[in-house]
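Work through the exercises below with the sequence and the model open. Try each task before reading its solution.

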Amino acid sequence: MGQSTNGATNGATNGATNGPTKWVYSYGGGQADGRADMRALLGSKGAHLAEMSNLGLPVPPGFTITTALCTHYLATDHSYPDDLGPQIEEALERLAQLSGRRFGCIKQPLFLSIRAGAPETMPGMMEAILNLGLNDETVEVLAKETDNARFAYDSYRRFIQMYGDMVLGIDQNEFEDIVEEVKDERALFYDTELSADDWKGIIERYKALILQELDEPFPQDVRAQLWGAIGAACSSWMSARAITYRRVHDIAEDWGTAVNIQAMVFGNLGESSATAVAHTRDPDTGEKRLTGKYLLNAQGEDVLEGNRTPYELTLDARLANGSPEPSMEELMPEPFARFRAICDQLEHHYRDMLELEFTIEGGQLWILQKRTAKRTSKAALRIAVDMALEGLISKEEAVMRVDPRSLDELLHPTLSESAERIVIAKGLAASPGAASGHLVFETKDAELFTSNGKRVILARTETSPEDVHGMHVAQGIVTARGGMTSHAAVVARGMGIPCVSGAGMIRINYQDETLTVGAEVMHKGDLITLDGRSGEVLKGEVPMEKPELTDEFATLMEWVDGIRRLKVRCNAETVQDAKAARDFGAEGIGLCRTEHMFLQEGRISVMREMIIATDAHDRERALNKLLPMQRADFAALFETMAGFPITVRLLDPPLHEFLPSEPGDIAKVARAVGVAEDVLASRIHALHEFNPMLGHRGCRLAISYPEMVEMQTRALFEAALEAAEKTGNPVQPEIMVPLVSIKEELEFVKARIDATAKKVMKKSGKELSYKIGTMIELPRAALQARKIAESAEFFSFGTNDLTQTTYGISRDDAARYISDYLRAGVVEQDPFISIDVDGVGELMEIAVERGRFARPDLTIGICGEHGGEPASIDFCEKIGLDYVSCSPFRVPIARLAAAQATLRRHQRT
Ligand code: PEP
Ligand code: MG
């Protein structure tokens, strides 16, 4: 969620509110000070703990320190406001009353868990510190109380380890090394084999490590422990990971994190205790079934850490994977049944699929955390549609819940089942999708290859925030290290690109630029494929298949089409592309780039003849050869589009693009065309321009060579008449003139088109209605839109050129340095990807207003690349365009984005 929508101030930041600041919000015992809609102040975790408490669910009592405290703490050189301490003491007193245990007391001591929790769940925040309040004295009490010394000392050492890492900044591994040493000394293999005395010994070594590293003993004072943890939670807001995440996800720096302090419940109190993570629906497929894993007699993050293998929660899942271990449903039927009922209750309350962490302590169920569950794109779509069909949400909400960009993934090819697969390594299936590309190891190479039009796969031992730019341009990521929550995995999922993480058998040598797996050595530039679904890394480029679109997809698209106002057309010039676009729901062709037709086999040499021609006669001869080819191409398109409109653009690029530039090729082409090499060379020389993109192209060609316009128009009209006759569908050609900036340019070309159309119609004896319009792709055209609209029946924004000419940045070279701009924060978005609303957007608004002033029924669309980009589509809706046009695979994305744009407009009005 972006700054604009979620940037609610945390209220107490400047202390300008009336009365004393409330820093602490308590919950528990069926009531709470906070609510779900107080995320800005209480963080997501805190707000939902409060909400669940209000719902009467079994939530361990606790309190949340607001995000305002974090802001204060960071702004005041890590100091606390005077009134915070008393409020915390008051909250602790309330906890004592609710739990019957008192923090720091020797009799029945209370233990706490501490977690940071920002308004948006984000990586880099301080994770849980459990068992806070344990010290040399209280550990003895806990041992006696539970009659389980092993449990008590294990809990104490876990606490020291978590505190040592997150508050004192000592590397986790140093603690782990001590455990390993002791196991080696004692010739033991598993942690579970360590006795109470072993843990006691380990605790002493932990303490010695801390004393040695910090010159200070581990704090025995439980209040000092608490304040240390609060400070660390606040500071984690500024961790490098959190900062990068905020930058990438457009989250404001001044939100701050809340701190959640909660009474401990123990999942490791014996065989009637457990800890678990569950999803109310399947997060991979979206199926409506409770999924999840649990660990018996375990605490906190054990399920996620993966040291022990967790078991299935449900009987169905256990049977499905043939596990001999009992499911929680079988082993603890009562608390499980209660949990299942709570899942239903919470899904109805929150109207979404949830991820829940819970603990069973001596048979008693406690809900520890609720999150809106992350899900694959496929699951997101299915859940949105299912929930609407179940009546939990409206169709409109379902439409709003599917990220248009995520369709990209559903629509993306998957590896072909029948293709030969040379699997060289396997890692975690960390982010779905599949991709092939050239292997690169560094961000700079990723950017370089990409700017040369090559797709890349970025391979790293592990990724860090410095790699984010390389990841952005890559088609996929593979890492040798790192789990499902590693930087690579989290960022790749966020970007929607495939990722295989933790492929431990891979060795990456950055010096040699090699990726080695056993005897297999791959070099920079080699082709490699990733399957983010299976976690496989494959050699070479593996054939891919079109994805199968599900019923849910069809249902969603039906709703989308019932909502959206903008029409969606496609940019296509081949029958194959046009067919694909029709299958994806395109409602016409918004841009047929005729030059692409000339680049096809058999046409290019005739085109060259035409360009090389030195007089009108020779040119006409070549054009006469091109005519039937063009006519056949247009006729096929008309048939494919079956009555939908087709906008055909006259020849646009500078002519030199059709001619060779390498000396060897010049000789070859000269032979093929039948001219002397020096004739061709001198023609190429004559066509040379210093700034071809600002050169002799677009309508300027039409003015120099009107016979080309005549040929194209004749081919189009003859094809239209032919198709109308053959199919019986009405055919209305739309001819679009490119790169107009002066009304008279358009009028000159229009006169040629009209005259040719008249001739064709007269000859055939049939009438055909047609439209002539222009692209708006130069600032002058936008400014002169009123005059131009007197002659144009439609406009189509060519935002590729409009962006190029508004910024004065070459669209072909921009990629080389736009990444520097993005890194430096000079621009937030690449303006060639998402419309620059402030500049290019203003010109578009002007053109719309002035164009419609002259001609109220002027049809206006967009056919630049932005036509398939959701944020740009939103802008097109805002300024009242009639349609967007984009490449075929982006048509469904555009349809969905258009529907969302319409819904947003309704919300605004
Ligand atoms: C444009 O400039 O946006 C456009 C669609 O034309 P082309 O990309 O062919 O220049
Ligand atoms: Mg253009």
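## Exercise 1: a helix pair

The crossing of α24 and α25 is left-handed. In a left-handed crossing the near helix is turned anticlockwise from the far one by less than a right angle; clockwise would be right-handed.

This is a predicted model: local features need pLDDT of at least 70, side-chain atom pairs count only at pLDDT 80 or more, and totals for chains, interfaces and linings use all residues. Residues are numbered from 1 along each chain as its sequence is written, chains are lettered from A and ligands numbered from 1 in the order in which they are written, and side-chain values use heavy atoms, with hydrogens and water left out.

**Task.** Describe how the axes of α24 and α25 cross, and which residues meet.

**Solution.**
1. Locate the helices. Helix α24 covers residues 604–612, and helix α25 covers residues 616–641. Helices (H or I, at least four residues) and strands (E, at least two) are DSSP runs, numbered from the N terminus.
2. Take the axes. They come within 8 Å and cross at roughly 155°. Axes are lines fitted to C-alpha atoms, for helices over the stretch in contact, and angles run from 0 to 180 degrees between N-to-C directions.
3. Classify the angle. It makes α24 roughly antiparallel to α25. The classes are: under 35 degrees roughly parallel, over 145 roughly antiparallel, 65 to 115 roughly perpendicular, the rest oblique.
4. List the contacts (heavy atoms within 4.5 Å). From α24 come Val 606, Met 607, Glu 609 and Met 610. They meet Arg 619, Ala 622, Leu 623, Lys 625, Leu 626 and Met 629 of α25.
5. Sort by class. The contact of α24 with α25 has seven nonpolar, no polar and three charged residues. Here Ala, Val, Leu, Ile, Met, Phe, Trp, Tyr, Cys and Pro count as nonpolar, Asp, Glu, Lys and Arg as charged, and the others, Gly among them, as polar.

## Exercise 2: salt bridges

**Task.** Find what Glu 355 and Glu 513 pair with, and where the partners sit.

**Solution.**
1. Set the criterion. A salt bridge is a side-chain nitrogen of Lys or Arg within 4 Å of a carboxyl oxygen of Asp or Glu. The whole structure has 66.
2. Start with Glu 355. Its partner is Arg 371, with the closest N and O atoms 2.5 Å apart. The pair links distant parts of the chain: Glu 355 is in strand β12 (residues 354–361), Arg 371 in strand β13 (residues 364–372), 16 residues apart.
3. Check accessibility. Glu 355 is buried at 15% relative accessibility, while Arg 371 is partly exposed at 21%. Buried means under 20% relative accessible area, exposed over 50%, partly exposed in between (1.4 Å probe, protein chains only).
4. Turn to Glu 513. Its side chain meets Lys 524 at 3.4 Å, N to O. Glu 513 lies in the loop between β21 (507–509) and β22 (514–517), and Lys 524 in the loop between β23 (520–523) and β24 (527–531). Glu 513 is partly exposed at 26%; Lys 524 is partly exposed at 31%.

## Exercise 3: positive phi

**Task.** Asn 131 and Asp 215: which is buried and which is exposed?

**Solution.**
1. Read phi. Asn 131 is near 65°, positive in a residue other than glycine. Asp 215 has a positive phi of about 65°.
2. Place them. Asn 131 is in strand β7 (residues 129–132). Asp 215 is in the loop between α8 (196–214) and α9 (222–235).
3. Compare accessibility. Asn 131 is buried, at 0%. Asp 215 is exposed, at 69%.
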